Each structure stands twice: as structure tokens, then as C-alpha cells.
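Please open the structure in your viewer and keep the sequence at hand. The tour below proceeds by selection, with a description of what is found at each stop.

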Amino acid sequence: MAEGFKSPVTVALTGASGAQYGLRLIEALVSAGHEVWVMISKAAHLVIATETEASLPPRPALLAEALSERFSAAEGQIRCFGREDWMAPVASGSGASSAMVICPCSTGTLSAVACGASNNLIERAADVALKERRRLVLVPRETPFSAIHLEHMLSLTRMGAVVLPAAPGFYHQPQSIDDLIDFIVARILNQLGIDHQLMPRWGEGASGSTVGD
Ligand SMILES: Cc1cc2nc3c(=O)[nH]c(=O)nc-3n(C[C@H](O)[C@H](O)[C@H](O)COP(=O)(O)O)c2cc1C
């Protein structure tokens with residue numbers, strides 16, 4: 001854990017649609033001054049290439065450089081770990097503590113985490129977060145959900161994780177896709193207890209309206 005930054009937050013992007021949510025989350029954490037530990041699955045790289053204009057190299061060191069440049073991060077603020085980087089701090093409960101967000105979370109990774117598979121570093125880091133009772137937020141994106149997906153989400157919720165589906169509301173009258181992305185990222189930051197200005201908190205809107213949650 002580097003000095004000079006707020007507590008590390010681990011962000012894993014997996015191969016569900018909605019790579020923009022994960023990238024925006026990294027950006028928001030960087031601008032809030034947090035150290036950010038990033039893992040991007042192979043399928044997530046394909047989704048990123050399909051859904052965004054970003055061109056991100058798979059190798060962790062180059063990926064950290066590319067993300068740092070993209071989000072104007074300070075040196076050392078973003079660290080990236082590979083699929084089998086078992087020496088990374090997130091791989092063990094004795095490593096430095098960090099909250100973890102899997103955003104977006106594929107149903108494949110959801111299932112692996114619910115079962116404790118730990119076959120790659122993302123799954124292992126989530127397993128560590130669960131056993132150490134650390135904050136773990138999963139942002140699945142699929143529709144409709146099968147009974148398997150729903151059972152895994154229920155199991156994870158019962159284990160103490162937060163399942164926060166990528167299902168933005170519309171009551172803030174979004175004007176753009178960015179507004180919809182920020183809706184979800186704001187909810188994630190709320191779960192982590194991190195202040196943000198992405199959208200007003202309930203009851204703090206300028207209009208004083210009474211729209212629902
Ligand atoms: C463009 C694209 C979009 C996808 N969208 C979803 C999705 O929304 N939800 C999902 O669970 N899987 C989705 N998948 C399938 C996953 O990427 C696939 O199951 C993969 O094995 C997940 O691996 P990972 O969990 O290691 O990232 C998508 C794949 C591609 C290429």
C-alpha cells in the first residue's frame with residue numbers, strides 16, 4: 001500500500017456488458033484520492049474493446065500506465081494485477097485490507113465467487129474479502145436472471161456481500177448515457193462510504209422533489 005493515498009479499493013472488471021461502469025468507477029476513485037488496485041479479466045478486455053473507444057493493453061504494467069494516463073492518476077495510485085498474480089496483496093487475507101468491487105460482474109464470476117472457486121485472482125480476491133469480512137460489492141449485468149443467478153445472488157447477500165445490479169433508475173431525468181453510468185457508480189461509492197458529487201443524495205436534490213428510490 002503506497003503512502004499519500006486514501007485506503008486502497010480493488011476494482012475488478014469482468015466480462016459482463018457495462019465496462020463503462022467499471023472504468024468510470026476507477027476514475028471516480030482516483031479523483032477521490034484513493035489508491036486503486038485493478039484486475040481486468042480476459043473477457044472484460046473483449047467487452048471493453050466492443051463497448052468503448054478505450055484501447056487497454058492486457059499486461060498489468062502497461063495496463064497501469066494506460067489507466068493512469070487516461071484518468072490522470074498520480075504515480076503509483078493505480079496498480080494492476082494479472083490473472084495469476086498470486087503474490088498480489090489481494091491474494092491473501094494477510095495482505096493490506098481493501099474494499100472490493102466487481103463491476104461489471106459476469107454471471108460466470110458471480111457463480112465462481114458464490115462457490116469459492118478461487119481459480120483466478122479476481123475470484124480469489126473476492127474469496128479473501130468474504131472470509132475476512134471486508135466490503136465486497138458485486139455489480140451483475142444480465143437479463144433475465146435464471147434461478148442459478150438468483151440463488152448465487154442470495155447466497156452472496158447472506159454471506160455479507162452487496163449485490164448491486166447495473167439497473168440505473170430514471171427518476172433523476174438522465175440526459176445522457178454518462179448520467180446513467182454515474183447513477184450506478186454513485187450507488188457503489190455510497191456502499192463504500194466515499195463522498196462524491198456524481199448525483200445528489202436522496203433528499204438533497206436542488207428541486208426538493210419527492211421522487212422515489
Ligand atoms: C460483448 C460481450 C458481452 C457480454 N455480456 C455479458 C453480460 O452482460 N453478462 C454476463 O454475465 N456475461 C456476458 N458476456 C459473457 C461473459 O463475458 C463470459 O461468460 C465470460 O466467460 C465471463 O468471464 P469472466 O467472468 O472471467 O470475465 C458477454 C461477452 C461479450 C463478449
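For the first stop, a residue counts as near the ligand if its C-beta atom, placed from the backbone, lies within 6 Å of it. The model shown is a predicted one.

**The ligand and its shell**

Select the ligand together with the 16 residues around it; Thr14, Gly15, Ala16, Ser41 and Ala43 come nearest. Colouring this shell by residue type gives five nonpolar, nine polar and two charged residues. Which helix supplies the largest share of the shell? It is α2, with five residues. Both α2 and α4 (107-115) contribute at least two residues each.

**Helix α2**

Proceed to helix α2, residues 42-51, and display the side chains of Ala44, Val47 and Ile48, which are its buried residues. Looking down the axis of α2, one finds these buried residues within an arc of 100 degrees, so they line one face of the helix. An α-helix has 3.6 residues a turn, so residues three or four places apart point the same way. Turn the view to the other side of α2, where Lys42, Leu46 and Thr50 are exposed. To see what the buried residues of α2 pack against, add β1 (6-13), α1 (19-31) and β2 (34-40) to the selection.

**Strand β1 and its neighbour β2**

Keep β1 selected. Six of the eight residues of this strand are buried, so β1 is largely enclosed by the rest of the structure. The pairing of β1 with β2 is parallel and runs over six bridges. Within this pair, select Thr10 and find Trp37 of β2 opposite.

**The whole sheet**

Now show every strand. In what order do the six strands of the open sheet lie? The order is β3-β2-β1-β4-β5-β6, with parallel pairing. At the edges are β3 (78-80) and β6 (162-163), each of which pairs on one side only.

Select β5, residues 136-140, which pairs with β6 in the parallel sense over two bridges. Val137 stands opposite Val162 of β6. Add α4 to this view: the helix packs on the sheet, where it touches β4 (99-105) and β5, and its direction makes about 145 degrees with that of β5. Helix α4 has already appeared on this tour as a contributor to the ligand shell.

**Helix α3**

Select helix α3, residues 60-70, and highlight Leu63, Ala64 and Leu67, which are buried. Around the axis these residues cover an arc of only 100 degrees, which puts them on the same side of α3. On the other side of α3, the exposed residues are Ala61, Leu62 and Glu69. The buried residues of α3 pack against α1, β2 and β3; α1 and β2 are also packing partners of the buried residues of α2. Beyond α3, select Ser72, which follows the helix and has a positive phi, near 50 degrees.

**Ile148 in helix α6**

For the last stop, select Ile148, which lies in helix α6 (residues 147-158). Is this residue buried or exposed? Ile148 counts as exposed because it has 12 C-beta neighbours inside 10 Å, and the limit for an exposed residue is 12 or fewer. Finally, draw a distance from the C-alpha atom of Ile148 to that of Thr107: the two are 9.2 Å apart in space, although 41 residues apart in sequence.

Key
Residues are numbered from 1 along each chain as its sequence is written. This is a predicted model: local features need pLDDT of at least 70, side-chain atom pairs count only at pLDDT 80 or more; totals for chains, interfaces and linings use all residues. A residue is buried if 20 or more other C-beta atoms lie within 10 Å of its own, exposed if 12 or fewer, and partly exposed in between; C-beta atoms are placed from the backbone. Helices (H or I, at least four residues) and strands (E, at least two) are DSSP runs, numbered from the N terminus. The arc is that of the directions from the helix axis to the C-beta atoms. Two residues are in contact if their C-beta atoms, placed from the backbone, lie within 7 Å. Ala, Val, Leu, Ile, Met, Phe, Trp, Tyr, Cys and Pro count as nonpolar, Asp, Glu, Lys and Arg as charged, and the others, Gly among them, as polar. Two strands pair if DSSP finds at least two bridges between them. Axes are lines fitted to C-alpha atoms, for helices over the stretch in contact, and angles run from 0 to 180 degrees between N-to-C directions.
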